[in-house]
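This report is meant for a reader coming to the structure without prior acquaintance. It begins with confidence, then takes up the chains, their contacts and a few details.

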Amino acid sequence: MTDLNKQMVEQYRNSFLKEVEANVEEGEWVKMCMQCGVCSGSCPLGPYWDHPPQELFMMIRAGKREEVLASSSMWMCTSCYNCIARCPRELPITHIMHGLAHYAKRLGLAPKNQPTMKFSQKFWDNLMVTGRVNELKLGLSLYFMNGLVEGIKTSLKMKNIGLGMLLTKRMNPMEMLGGHSVKDKSGFKAMIKKAQELEAARIAKFKTP
Amino acid sequence: MAKEYSFYPGCSSQEGASSSNYLKSVQSMCDVLDIKLNTIPDWNCCSASIGYSGGGELPRLALSARNIALSEKHNGGQDIVATCAACWLSTRETAERLHQDPEMMAETNTALKEAGLQLTNATKIRHMVEVLIEDIGYEEMGKHVKKPLEGIKIAGYVGCQTNRPFGIEGESFENPKYLDKFVETLGGESIPNYEKKVSCCGGALAFSEPEKSQALVKGIIESALDHGADMIVTPCPVCQMNVEVYQDQINAKYGTKFHIPVTYYSTLMAVAYGKTAKEASLEGQIIRAKKLEAICAK
Amino acid sequence: MADEIKIGAYVCKGCGLGERLNTGQLETTATRDGKAKFAKSHDFLCSADGVAMIQKDIDSGETNHVVIAACSRRAKAEAFAFKNVTISRANLREGVIWVRPDTAEAKETTQDMADDYVRMACAESKFQKQPAPSGEQTLCKEILVVGGGISGMTAALEAAKAGYPATIIEKSGQLGGVMAQLHRRVPTKAPYAQPEDTSVESLIAEISANKKVTVMLNAKVAKTDGAPGRFSVDIAVESGSVQNKMFGAIVQASGMKSFDANILTEFSYGKTPNVITQLELEALAKAANGGPIKRKDGKEVKSVVFVQCAGQRSTKPGHLSYCSGFCCTASIKQAMYFKDANPNVDTVVMYTDLRTPGAGGEDFYRSGQNKGVIFTKGVVNSVAPNGNDLTVNFKDLILDEEISMPADLVVLATGQLPNSGPDPYAVPMEADKNDAEAVAASKAAHEVAVSVESILNLNYRQGTDLPHLKHGFTDSHFICFPYETRRTGIYSAGPVRRPMDSWQATIDATGAAMKAILEAENAGKGMAAHPRSGDLSFPAFRKEGCTQCKRCTVECPFGAINEDERGYPQFNESRCRRCGTCMGACPVRVISFENYSVDTVGSQIKGVDMPDEFSEKPRILVLACENDAYPALDMAAQNKLEYSAFARVVPVRCLGSVNTIWLTDALNSGYDGVVLMGCQKGDDYQCHFVKGSEIAGVRMSKIGDTLKTLNLEEARVATYEVAITDVDRVPKLINDMAETVAKVGMSPFKF
């Protein structure tokens, strides 16, 4: 259990809903779900969710903290926004899913080898380096995220695609050497650092009512 | 006089990146339509919709806020225009979120201060498609057609993020018609009842959950072919990439024989406006758009 | 007065009638066969010129029985509303040319049709008399309101504001009813976010300030006699004395009774004081008055579970099968009592389907969610005492698992029962006694035991109180005339009519008050209430022919007919809706209206020209209810849907008014088929006279015997339930009969 998780369990005993409201992006909307299930029925990856959004909302209200946060469900979100467009109560479901996923990861409760979690983190780390995404490095880091052997296999499987991208000049091997970047890297990094501090402070600030 | 916009190209449009061909064709298209794009100096990545795991909330908002602030500083008074669906969505979402949440706005400005910037957040965030429909208009777009796309049947694949949650003014979420109208304006044949028009291709999960994503892509291509499509057109770089580049892998897995080109609307326009294959960036097609090449060669 | 019948027949040539029909021949038919004194045609009869022509003849005394051979009686009624004469309509447009093809081969049968309708109208005209008001009662503007709850108070105030003095009779010692027991009510105004003041106090203040409202507390209705416009009511007050007062109309707002939660043993009701009903929670909330709500033992409630549908929407014995409609919003409101006093109280509403009717229902639900009330879709299996507290065991229907959760307090959302008097028809009508189905239906309707104490004490032949529909709720025509009960001039309002919340009850009460005013006025003028609004005719009977069989008094759906000491019927004109069910019931055919009788219809049936057996021109009699079937036929005609040229349609007031003699006569005189079209019957009836089509159904079920005696095929008579929307179906039903006749052959009874 991470320290933060321990602290949160203490703070929000018996009231996971309040924890979600305080700490999860758009979490204050969870209580407004009216359990119609349109979100679950609209999700392109619906069948792969252990608990579709409607159920997650109910579980949050029922205080099923571990089950929700350790679930791989919200990592199935493709950000297609079907649920948002169709929710009769206009809940920002996509954002709540992202928020839950991020919060689970922050607390160290997300499933360990969840591929989308890894990719999502790699994407963020990648853009943090220069302020812009380096697609080549991102791709390679992705192939090798499960180790060297696995990485070589994936690379071989993907080599035709890579070749196609290369030939059409939609991939540039020179990107391995630095690549595109914002000019004001220090300002950019200082800004992100500040934002992260403010966010951490906001989450730490909330106490059990 | 040229219409001027503050332009946010986004990472995938950069030289040597996956949708560099999109940018090239957009530039050709804008030449014809007298649209001037002033790139936001020193723009950064928006973190798309997948950056949430590492990014959280405020740091992600800060990314787009920095771009808007830079635009306000250098391209004051101009609407921000993005060509990438994810860029447009992230930027517009940030602008709206910060309008609604003064506390978050204050924190965002605190962070921006570290980069020497300040956000007033008074800038309109638009997609290139909106500029075409609202500022140029179908009639004007049609006037410039030199080589109509005659005899080409094109499935307009709108996808997700140019359609939801904001979408294009006047269009429905379930059956937006603008891509069909584009195709018709350019003299091609549209497929207005294309079932998978707004279905998801899997987005970023094409990387992390390739099998699930490719199953979705399979349906998108199948439906287009069922309607007799010669090619697919889309306004989104992720859609373009996912639907185009995995066709071989899908064929290997499902025994299908997909080989259908997937282009951008701007590609079609550049071709119809009489630009060369190079200007239309047809060499950027992994699956070559031979019918378009033939028109260019005319 | 009009001793001599002078029929003037007017044939219209407009709307294509002149082109499609030989109007000269129609004039001849009217004078030769119809015995009209004269016949005239006009190019455009409903024009000012055409109308003036007729009026001139009336004024000069040329005619006193007018026959209009033009469009349907439902069209141009204002243009042809001549005074001091009888009016008969031959429907040549919707009834003939619009339902027949304009072809050479159809011309003859189309003309036959038109000629017959002219004959029929003339025949009817001969037997018609001009109705005049009876003068049985004068205008009495006093409105009696029984019940002083929110519905009763609203009804009385609304009547008073419209200028009609109202008297409230309330059995308890104070006004307010159930509403006075509430802490707050569900909001009635935008933004529908917060419980509101019950408004009981302000209503009481308004009533005491209004000179037109009289309030009698601790009072009951000892006896109600008379009829609309002259209700004579004995009011028994606490002291034991009885006062008599006259009223023009009555609003019964006797309200609701709470469901007895004692049978809900699975929820431990009665076993622990910490399981209470919604109404009992109101008392706790009142006591807390905005502060923390405390249980009976004084403990401050920190967690509360609301169990929706407790003893409702259930098939278990003793439970209510219906949804009471108010309890979901009531629970939201009550959860807010807790949340507003202390946001940290856990409030869970356990529901299967959350139903929040009314304009603001959904907003109020959202407001509850916003305040942090938890809504769980689940079924509570049991509530068990756990020390001083409770354990709620439920199945979460979303998560699909059995869950137990602790609570300080459990509130049961039990439903409402109507506070109605005994149903006059609790025992099936004599006519139904041998019908097992009717008896079973009657039993099912009384699954929930309701009060046996009379509320109105009507001195009617047909029982002391308003008839019920189901579950003890008073019967009213749900679709068209929701306030109108089966006792004319008595209007039920509020939860005695159907389950409802207080806001709906106030709307209901306002509507009922308006209807009461209207009926007091109607009665004063001797006019009928809906659906025959304004009708001055009323039934009379020929005493010398009456066998005192009592069928009319039993079958009248509205309890309009009393019996005198010798068993003869006593008609109360203003209680009567003019449906003619009594006329249809009378085996010796002594009951008639001035303008609607066994003869006015019988003569039309006989007036039709009957071609011989070998003519290949069968005749089909269609008796169509004027409320739904006849308009549906008109609309079919407007849509140019064709039907058989052999049909002859006679509108009737209600299938209940159909006397079997018409059928016997029709079959005896050579008709090949008979089609009856009435409204839907049963619990979800659409019959405008409530029971008319049902009674007709019973009568027609016995027509088989008649057919057998005549040695005719049973298929020659068909009865259908028809709705006004069955526009495409009605022509088909007629054509079906034409096909049947083609199959079974022509009737041998043509002479």
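What is the mean pLDDT of chain C, and what percentage of its residues reach 70 or more? The mean pLDDT of chain C is 94, and 96% of its residues reach the value of 70 or more. The whole is a predicted model, and it scores ipTM 0.95 together with pTM 0.89. As a general caution for reading any such prediction, coordinates should not be read in detail where pLDDT is low.

## Chains A and B

Chain A has 12 helices and 0 strands, and the pattern read along its sequence is accordingly α-α-α-α-α-α-α-α-α-α-α-α. Chain B, for its part, contains 14 helices and 8 strands. The radius of gyration of chain B is 19 Å, close to the 19 Å that the globule rule gives for 298 residues, so chain B is as compact as a globular protein of that length.

The table sets out some values for these two chains.

| Chain | Residues and share buried | C-alpha extent along principal axes | Share of contacts (separation at least 6) that join residues at least 24 apart |
|---|---|---|---|
| Chain A | 209 residues, 47% buried | about 55 × 40 × 35 Å | 61% |
| Chain B | 298 residues, 62% buried | roughly 55 × 50 × 35 Å | 76% |

## How the chains meet

Which chains share the most contacts among the 2 pairs that touch? The most contacts are those between chains A and B, where 55 residues of chain A are in contact with 54 residues of chain B. On the side of chain A that touches chain B, the elements that give two or more residues are α6 (82-86), α7 (93-106), α8 (115-130), α9 (135-143), α11 (159-167) and α12 (185-205) of chain A. Sorted by class, this side of chain A holds 26 nonpolar, 17 polar and 12 charged residues.

Chain A also meets chain C, with 10 residues of chain A in contact with 10 residues of chain C. The side of chain A that touches chain C is made up of 5 nonpolar, 2 polar and 3 charged residues. Chain B and chain C, by contrast, do not touch, and their nearest C-alpha atoms are 18 Å apart.

## The two domains of chain B

Chain B is divided into domain 1 (3-128) and domain 2 (138-297), and the centres of these domains, taken over C-alpha atoms, are separated by 24 Å. Their contact takes 22 residues from domain 1 of chain B and 24 residues from domain 2 of chain B. On the side of domain 1 that touches domain 2, α1 (20-33) and α4 (85-100) of chain B each supply at least two residues, and α1(B) gives the most, with 10 residues. By class, this side of domain 1 of chain B has 11 nonpolar, 9 polar and 2 charged residues.

## A residue in helix α4 of chain B

Thr91(B) is found in helix α4 of chain B. Is Thr91(B) buried or exposed? Thr91(B) counts as buried because it has 27 C-beta neighbours inside 10 Å, whereas 20 would be enough for a residue to be called buried. When its neighbours within four places in sequence are left aside, Thr91(B) is in contact with Tyr8(B), Cys46(B), Ser64(B), Asn67(B), Ile68(B), Ile80(B), Ala82(B) and Ile125(B). Thr91(B) and Arg126(B) are 35 residues apart in sequence, while their C-alpha atoms are 9.1 Å apart in space.

## Two paired strands in chain C

In chain C, strand β6 (residues 166-169) pairs with β7(C) in the parallel sense over 4 bridges, and Ile169(C) stands opposite Met216(C) in β7(C). Which side chains of strand β7 (residues 213-216) of chain C point to one face, and which to the other? Val213(C) and Val215(C) point to one face and are buried, while Thr214(C) and Met216(C) point to the other and are not buried. Such an arrangement is expected in general, because the side chains of a regular strand alternate between the two faces of the sheet. Met216(C), opposite Ile169(C) in the pairing, thus belongs to the face of β7(C) whose side chains are not buried.

Definitions and conventions. Residues are numbered from 1 along each chain as its sequence is written. Chains are lettered from A and ligands numbered from 1 in the order in which they are written. This is a predicted model: local features need pLDDT of at least 70, side-chain atom pairs count only at pLDDT 80 or more; totals for chains, interfaces and linings use all residues. A residue is buried if 20 or more other C-beta atoms lie within 10 Å of its own, exposed if 12 or fewer, and partly exposed in between; C-beta atoms are placed from the backbone. Two residues are in contact if their C-beta atoms, placed from the backbone, lie within 7 Å. Ala, Val, Leu, Ile, Met, Phe, Trp, Tyr, Cys and Pro count as nonpolar, Asp, Glu, Lys and Arg as charged, and the others, Gly among them, as polar. The radius of gyration is taken over C-alpha atoms; the globule rule is 2.2 Å times the number of residues to the power 0.38. Domain bounds come from an automatic or database domain assignment. pLDDT is the predictor's confidence in each residue, from 0 to 100. Two strands pair if DSSP finds at least two bridges between them.
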